[in-house]
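User: I am new to this structure and would like to learn how to read its features step by step. Could you guide me through them?

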Amino acid sequence: MRGGAQSQLMLGADGKLWVVKFQNNPQDVRVLANELIATRLAAAVGLTVPVSDVVEVTEWLVSNTLDMFVEMPKGLRQRYAAGLQFGSQFVGGLMPGQVVDYLPEQQLDEVRNLGEFAGMLCIDKWAGNCNGRQAVFERKPRERKYRATFIDQGFCFNAGDWTFPDSPLRGVYQRNQVYARVTGWESFEPWLSQVEAMEAGTLWDIAEAVPPEWYGGDTAVIERLMEQMLRRRSRVRELIGEFRDSNREPFPMWASGKKIVVPRQFAEVGGVGKFVM
């Protein structure tokens, strides 16, 4: 599979195709944890993401399968590590119609769930995705329109650093067209409100599903990450607002510049005469 993590497309014991990221990928072992956490958070608010799970790849399979090697920096080459890996079900499955990672503009406007790009922006800003937003588009046989599926959450939490260097243009899709229908905060619903109201138990349940070997076995590290995520729920609107106000101008239909007229009796109260909402 394409991508810096050098994933493998593998047929699981369940008869389904899985895109598998291995612990000894060239990026960082923590990208496996990032994938599982962020994908399941997106699924929890109802966004279209692949089914994700922890998959086991045996030593026998690695040793007896051709091309089970990963290219490392400085020209080094090593076998993939056996053990628990991250897996996401291949979009389209064994009998895909058509799956592409790029659509021309005229077709992009007809994507069934185009509004979900605004919802995924909520997750990407919350989780501090330091990569561009990636999606694939699936169209089943005899269907005219595509559906977007959001993939590759490995660089959430700043990849292996587990920090949040927030920046307006990080974690966003490369083409403004997917945001062209955003008219205001209502365009981010119901996903934004679900992020802001997500219960702590949901995050802890997702964290508990992450194998300890994906983050060095120190539970205090992943606990700190989840505590940061809980605090960041209240910042998602602010982070989206920074993207909105950036030079990229991603939301051309945003209802900006509207003012609410303050009744005269309130305007005469000291300190509020210039109040504008």
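Analyst: What follows is a walk through the pockets, a surface patch and some features of the backbone, and please keep in mind that this is a predicted model.

User: Let us begin with pockets: what volume does the largest pocket have, and which residues lie nearest its centre?

Analyst: A pocket is described by its volume and by the residues that line it. Here the largest pocket has a volume of about 780 Å³, and of the 34 residues in its lining, Arg-2, Gln-134, Val-136, Ile-151 and Asp-152 lie nearest the centre. The elements that give two or more residues to this lining are strands E2 (17-21), E6 (83-89), E7 (98-100) and E8 (134-139), together with helix H1 (30-44). Sorted by class, the lining has 15 nonpolar, 13 polar and 6 charged residues.

User: Which element gives the most to the lining of the second largest pocket?

Analyst: That is strand E3 (52-57), which gives 4 residues to the lining. Strand E1 (8-11) and E2 also give two or more residues each. The second largest pocket holds about 230 Å³ of space, and among the residues that line it are Met-10, Leu-11, Trp-18, Val-55 and Leu-61. By class, its lining has 8 nonpolar, 1 polar and 3 charged residues.

User: Turning to the surface, which residues form a nonpolar patch there?

Analyst: The patch is formed by Leu-11, Leu-94 and Met-95, which together have about 390 Å² of accessible area. Leu-11 also belongs to the lining of the second largest pocket, while Leu-94 is placed in the loop between E6 and E7.

User: Is Leu-94 buried or exposed, and why?

Analyst: The reasoning needs a cut-off, which is that a residue counts as exposed over 50% relative accessible area. Leu-94 has a relative accessible area of 53%, and therefore it is exposed.

User: What should I look for in the backbone, and where is a cis peptide bond?

Analyst: One can look at the angles of the backbone, omega and phi. A cis peptide bond, with omega about 10°, joins Glu-189 and Pro-190, and Pro-190 is found in the loop between strand E9 (147-151) and helix H5 (191-196). As for phi, Gln-6 has a positive value of about 50° although it is not a glycine, and Asp-67, also not a glycine, has a positive phi of about 65°.

User: Where are Gln-6 and Asp-67 found?

Analyst: Gln-6 is in the segment before E1 and counts as partly exposed at 21% relative accessibility. Asp-67 lies in the loop between helix H2 (59-63) and strand E4 (69-71), and at 58% relative accessibility it counts as exposed.

Key. Residues numbered from 1 in each chain as written. Predicted model: local features only at pLDDT ≥ 70, side-chain atom pairs only at ≥ 80, totals over all residues. Heavy atoms only, no water. 1 Å grid on protein atoms, 1.4 Å probe; cavity = no way out; pocket = protein on both sides within 12 Å on 5 of 7 lines; lining within 4 Å. Points joined across faces, edges and corners; volume = space filled by probe spheres on them. Nonpolar A, V, L, I, M, F, W, Y, C, P; charged D, E, K, R; others polar. Patch = residues over 30% accessible without salt bridge, like charges linked within 9 Å, V, L, I, M, F, W, Y side chains within 5 Å. Areas by Shrake-Rupley, 256 points an atom, 1.4 Å probe, with all protein chains shown as cover. Salt bridge = Lys/Arg side-chain N within 4 Å of Asp/Glu carboxyl O. Buried < 20%, exposed > 50% of the residue type's maximum accessible area, 1.4 Å probe, protein only.
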